[in-house]
Amino acid sequence: MKKLVVVLSIAMTTFGFNANAQQKKSTNTKKKVLFVVTSHDKLGNTGEKTGFWSEEFAAPYYALTDQGIEVTIVTPKGGQPPLDPRSTDPNFATEDTKRFDNDAALKLKLSKTLKLVNVKQSDYDAVFYPGGHGPLWDLAEDKNSQALIADFYKNNKPVAFVCHAPGVLKDVKVNGEYLVKGKKLTGFSNTEEEAVKLTNVVPFLLEDVLQKEGAIYSKLDNWTPYAVEDGLLITGQNPASSKLVAEKLLIVLKK
């Protein structure tokens, strides 16, 4: 009888250990994505405000988190990132932006973003950059951002960008070569920039700069949803492409 009790005790202990180990393993396999958002709020010398674009943040955020992906948000300055006021126009509203407008928890999280300099790629499985015009001024010139993107890429982790955000790739190099050289990608087109009458306001046109650095740039008609995947690099042309980028990123993360 005593032997039976000992055997049962060992079995239960072993089972409990295995269950705990399995639970720990399950917890550790949860995917994590880093969102890098602009801190810049001035639209050149126009006197108008800019920042990140609502749909380009909200659509990918919900597409990922609804699938159990953990998202951490960082900015160059930390704290509240500026929201481009034009992106709140009712004409640009989507189900995702409406959800964002009423999401008090996410807004609180967004107000407490970490500083970009304090994060490292080893803590995440992928990085995503939402657009808006803001990134063209700060993140495109940010050395920490450039190093972070290169680090993700060199460690075989996906890097994703939408609309103006591919512009932050302009000075990113891997092994001495521009990351975009020979890569298929897209981003906010020159004709779309002309359509919003900001061609002479933005610091550079990403379509021109990335092609100059050897990127194989492609686009569809203005405002048409379009995303391109080339290995670890995923890019979207405009706000309407945000969910497409997130869907491609999800597929890569689940491999």
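Is Arg-99 buried, partly exposed or exposed? In this predicted model, Arg-99 has a relative accessible area of 37% and is therefore partly exposed. That residue makes a good entry point to the charged pairs of the chain, and the overall architecture helps to place it.

The chain is built from 8 helices and 11 strands. Of its 255 residues, 48% count as buried. The accessible surface comes to about 12800 Å², and carbon and sulfur atoms contribute 53% of that area. Among contacts with a separation of 6 or more, 77% are between residues 24 or more positions apart.

Returning to Arg-99, its side chain meets that of Asp-66 in a salt bridge, with an N to O distance of 2.9 Å. The two partners come from distant parts of the chain, 33 residues apart: Asp-66 sits in the loop between helix H2 (54-65) and strand S2 (70-75), while Arg-99 belongs to helix H3 (residues 95-101). Asp-66, with a relative accessibility of 47%, is partly exposed as well.

Helix H3 takes part in a second salt bridge, in which the side chains of Asp-96 and Lys-243 meet at 2.9 Å, N to O. Because Asp-96 lies in helix H3 and Lys-243 in helix H8 (residues 242-253), this pair ties together parts that are 147 residues apart in sequence. The two ends of the bridge differ in their cover: Asp-96 is buried at 11% relative accessibility, whereas Lys-243 is partly exposed at 38%.

The chain has 10 salt bridges in total. One of them joins the side chains of Lys-170 and Asp-171, again at 2.9 Å from N to O. Here the lysine is the buried partner, as Lys-170 has a relative accessible area of 11%, while Asp-171 is partly exposed at 28%. Elsewhere, Asp-41, Lys-42 and Lys-49 are linked in a network of salt bridges.

Helix H2 offers a view of a polar residue away from the surface. Ser-54 is found in this helix and counts as buried, with a relative accessibility of 2%. Leaving aside residues up to four places away in sequence, Ser-54 touches Leu-83, Ser-87, Thr-97 and Phe-100.

Turning to the interior, nonpolar side chains tend to be buried together in soluble globular proteins. In this model, the largest nonpolar core holds 65 residues, and Phe-57 and Tyr-129 touch the most other members. Beyond residues up to four places away in sequence, Tyr-129 touches Val-36, Leu-139, Ser-145, Leu-148, Ile-149, Ala-160, Phe-161, Val-162, Ala-165 and Val-168.

Several of these names lead to helix H5, where Ser-145, Leu-148 and Ile-149 are among the buried residues, together with Gln-146, Ala-150, Phe-152 and Tyr-153. The cover over the buried residues of H5 includes strand S1 (32-36), strand S4 (126-129), strand S5 (159-162) and strand S6 (173-174). Helix H5 (residues 143-154) contains 12 residues and spans 16 Å from its first C-alpha to its last, close to the 16 Å expected at 1.5 Å a residue. Both ends of the helix have local features that can be picked out in the structure. At the start of H5, a side-chain oxygen of Asp-142 reaches to within 2.8 Å of the backbone nitrogen of Asn-144. After H5 comes Asn-156, which has a positive phi near 60 degrees.

Definitions and conventions. Residues numbered from 1 in each chain as written. Predicted model: local features only at pLDDT ≥ 70, side-chain atom pairs only at ≥ 80, totals over all residues. Heavy atoms only, no water. Core = buried A, V, L, I, M, F, W, Y, C linked by side-chain atoms within 4.5 Å. Buried < 20%, exposed > 50% of the residue type's maximum accessible area, 1.4 Å probe, protein only. Contact = heavy atoms within 4.5 Å. Salt bridge = Lys/Arg side-chain N within 4 Å of Asp/Glu carboxyl O. Helix = DSSP H or I, 4+ residues; strand = E, 2+ residues; numbered from the N terminus. Expected span 1.5 Å × (residues − 1). Polar contact = N/O pair within 3.5 Å; in protein donor to acceptor, adjacent residues only side chain to side chain. Areas by Shrake-Rupley, 256 points an atom, 1.4 Å probe, with all protein chains shown as cover.
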